[in-house]
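Dear colleague,

I am handing over the structure below, together with some notes on what turned up when I went through it. Please look at it first, and then read on.

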Protein chains: 4
Amino acid sequence: MRLFIFAASLRKDSFNKKLASLIARKLEGLGAEVDHGDFREFDMPLFDADLETSNGIPSGTRALADRISAADGTIIVSPEYNFGVPGPLKNAIDWLSRIRPYPTIGKTGFLASAAPSLVGGSRGIIALRPALSFMGMWLSGDSFSLAQAGQAFDEQGGIRDEALDKLLDGMLERFVKVTSSLKID
Amino acid sequence: MRLFIFAASLRKDSFNKKLASLIARKLEGLGAEVDHGDFREFDMPLFDADLETSNGIPSGTRALADRISAADGTIIVSPEYNFGVPGPLKNAIDWLSRIRPYPTIGKTGFLASAAPSLVGGSRGIIALRPALSFMGMWLSGDSFSLAQAGQAFDEQGGIRDEALDKLLDGMLERFVKVTSSLKID
Amino acid sequence: MRLFIFAASLRKDSFNKKLASLIARKLEGLGAEVDHGDFREFDMPLFDADLETSNGIPSGTRALADRISAADGTIIVSPEYNFGVPGPLKNAIDWLSRIRPYPTIGKTGFLASAAPSLVGGSRGIIALRPALSFMGMWLSGDSFSLAQAGQAFDEQGGIRDEALDKLLDGMLERFVKVTSSLKID
Amino acid sequence: MRLFIFAASLRKDSFNKKLASLIARKLEGLGAEVDHGDFREFDMPLFDADLETSNGIPSGTRALADRISAADGTIIVSPEYNFGVPGPLKNAIDWLSRIRPYPTIGKTGFLASAAPSLVGGSRGIIALRPALSFMGMWLSGDSFSLAQAGQAFDEQGGIRDEALDKLLDGMLERFVKVTSSLKID
């Protein structure tokens, strides 16, 4: 089973990137082949239907679509901006939605977030569900939000709080199990 | 494979009930054993934590939980009230969420709606996703919204518009396929 | 200026009731006449269009509508249930929306929440906005979520954390100012 | 009273631009001074906190903030992309939210949308509310969604359907009245 993971943040020192690295390691430990992408690889302009008409789908969008297509499931680790989906991630989804068939169809998805605040980004994850569901992704009911991310990681990049770490383990085990049993085509 | 379906409307002459009947027939045609519930069977009081402490989980909630547990997947056909989840359905979900483990864990879900308006209830479906996802349900990315429901049905209770009918068929086939391949426990 | 406030919780020992009492006192301190309702006064059945046809609008709904109509603005202090609006509150809104003109039209609204968790109920508030906006209420951009409510109050029912208490004061001052300047009719 | 309006679409031949022009004319007819912006004037990169650290707030963001600040209220006419806020508009809001104090504080807002579909973009408007509310904007409860926009306009750019046109007139009159009476500072 092949899984694709990326953190939907452009900054280098992002808590979401840290969480994505941890999840990637955990998924490998569960036997998955993990493709760990960097959101900077998928650079694309702001969505503009005129630009699409003249220049077609941007290469960064194509690259992102290919990585999603090549995997059985995708894990998005995303910050929350202003109670919603970060503009750059929504922009990527809007471009992706111009490709037919959607690269997301029949794939599983798992959403996670990390944030310095008490809320941990869970509102961004809620706002992400409609678009990805609409594009045919089977989203795990589970999602993982890491609050107070500034204090949450230990030196090895693991989660300090044992109960929280176990919770994440359980979610990922379930996700791997479902992804491997899901055969749509 | 066993599927449970109900329309989240209390009124007798509901478009959502009509759509639920059609979907139930289609699912049986796809080889599923279908348990078709009536929302009136799951009568329960308004959620009140004090009432839960004194009287426990209401019998209507238990009945609904048992039907969900006994099936591999659940189909909810729900109207949209004021851009959101109908109060009675949200109330049922709030009571359900007091049962541990959630009866929804590891089950698949498919959401549909019918409405006399042009919008067809899709905003209610969007608002339904977070709660059911949170309770561990794997919701189909597909969902079906029937707009202008007053004119949409033919005399046999089928959908007049052929393309729309085919769209629904495709969604249900995919849902049955995924539900049958999903083995979580 | 007259303001109506209620906590959308039926249980007696609710953090949201505690927060509503505090906000009521603060609003009185700002010179407002405050009508402090108890959600139990507005008892009503689960929404059912057939019931509306046979029995009309329930008396509990009428009572709630009258209290909203008699005030210039309404403050709702609501828990969050399963990432959304509590079923009983959504049910009340669904019944209210059957009264024409909506009692909420041209009124201001302020939303607050308290919760034992880290999130503080902010996702419930987000989910509340569409329905109330749709019914013509001018909702304050500000909203107040009290996280870890079990530890947040002092013995006098005030907020222990001074900065948080000041934040709430500022929001309420702005709300009173806007409500008093808002003249729609 | 000064109002700022823009359509959140980059393409030239956008239904949302057409609707923005109509609303601008109507607002002028109601006595408002209208500043009609073009979303292309507010070009900015994808949000990146590292970019903010090195280069500060982009000039396109500053320009947008200045236009909002100079007006008493802002009207955003926005398409709906994938059930949510268009990526480019969310990106602009995310950049705007880095300016303190928010240029949106104490301003009124009115949301409208046009779409070729039956839904008319109303789900995008719902998804817009949390971010703008959070940034202190007082959003009109009313919002206007023009469905089947391909057929909705007459040759003069007016709305063919008289009842719909009147509905919009009423909403705008109310918006102008509230904006002029709202005095926060």
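How many of the residues of H4(A) are buried? Before the reply, please keep in mind that this is a predicted model, and that everything which follows was computed from it.

The helix H4(A) is mostly covered, with 10 of its 10 residues buried. The buried residues run from Gly87(A), Pro88(A), Leu89(A), Lys90(A) and Asn91(A) to Ala92(A), Ile93(A), Asp94(A), Trp95(A) and Leu96(A). Their cover includes helix H3 (59-70) and H5 of chain A, and also helix H4 (87-96) of chain D.

That last element leads to the interface between chains A and D. Here 26 residues of chain A are in contact with 26 residues of chain D. On the side of chain A that touches chain D, the elements that give two or more residues are helix H2 (49-55), helix H4 (87-96) and H5 of chain A, and the largest share, six residues, comes from H4(A). Sorted by class, this side of chain A has 15 nonpolar, five polar and six charged residues.

The relation between these two copies can be stated as well. Chain A is superposed on chain D by a rotation of 180° with 0.0 Å of shift along its axis, at an RMSD of 0.0 Å, and the two copies are thus related as by a two-fold rotation axis. Within chain A, the C-alpha nearest that axis belongs to Gly87(A), at 2.5 Å from it. Because 100% of the interface residues of chain A are also interface residues in chain D, the copies meet through the same surface.

Chain A also touches chain B, where 20 residues of chain A are in contact with 20 residues of chain B. The elements that give two or more residues to this side of chain A are helix H5 (122-134), strand S5 (138-146) and helix H7 (162-181) of chain A. The residues on this side of chain A divide into 10 nonpolar, five polar and five charged. A rotation of 180° with 0.1 Å of shift along its axis superposes chain A on chain B, with an RMSD of 0.0 Å, and the same surface serves both copies, in that 100% of the contact residues of chain A recur in chain B.

Lastly, I looked at two helix pairs inside chain B. Two packed helices are described by the angle between their axes and the distance between the axes.

In one pair, helix H3 (residues 59-70) of chain B and helix H4 (residues 87-96) of chain B have axes that come within 10 Å and cross at roughly 80°, and H3(B) and H4(B) are therefore roughly perpendicular to each other. Thr61(B), Leu64(B) and Ala65(B) of H3(B) make this contact with Ala92(B), Trp95(B) and Leu96(B) of H4(B), and these residues divide into five nonpolar, one polar and no charged.

In another pair, helix H1 (residues 15-29) of chain B packs with helix H7 (residues 162-181) of chain B at an angle of about 55°, their axes being 10 Å apart. H1(B) and H7(B) are therefore oblique to each other, and their crossing is right-handed. The contact is made by Ile23(B), Lys26(B) and Leu27(B) of H1(B) and by Asp169(B), Leu172(B) and Val176(B) of H7(B), of which four are nonpolar, none polar and two charged.

With kind regards

How values were computed. Residues numbered from 1 in each chain as written. Chains lettered and ligands numbered in written order. Predicted model: local features only at pLDDT ≥ 70, side-chain atom pairs only at ≥ 80, totals over all residues. Contact = placed C-beta atoms within 7 Å. Helix = DSSP H or I, 4+ residues; strand = E, 2+ residues; numbered from the N terminus. Nonpolar A, V, L, I, M, F, W, Y, C, P; charged D, E, K, R; others polar. Least-squares fit on C-alpha atoms with pLDDT ≥ 70 in both. Axes fitted to C-alpha atoms, helices over the stretch in contact; angles between N-to-C directions. Parallel < 35°, antiparallel > 145°, perpendicular 65-115°, else oblique. Left-handed = near helix turned anticlockwise from the far one by under 90°. Buried ≥ 20, exposed ≤ 12 C-beta atoms within 10 Å, placed from the backbone.
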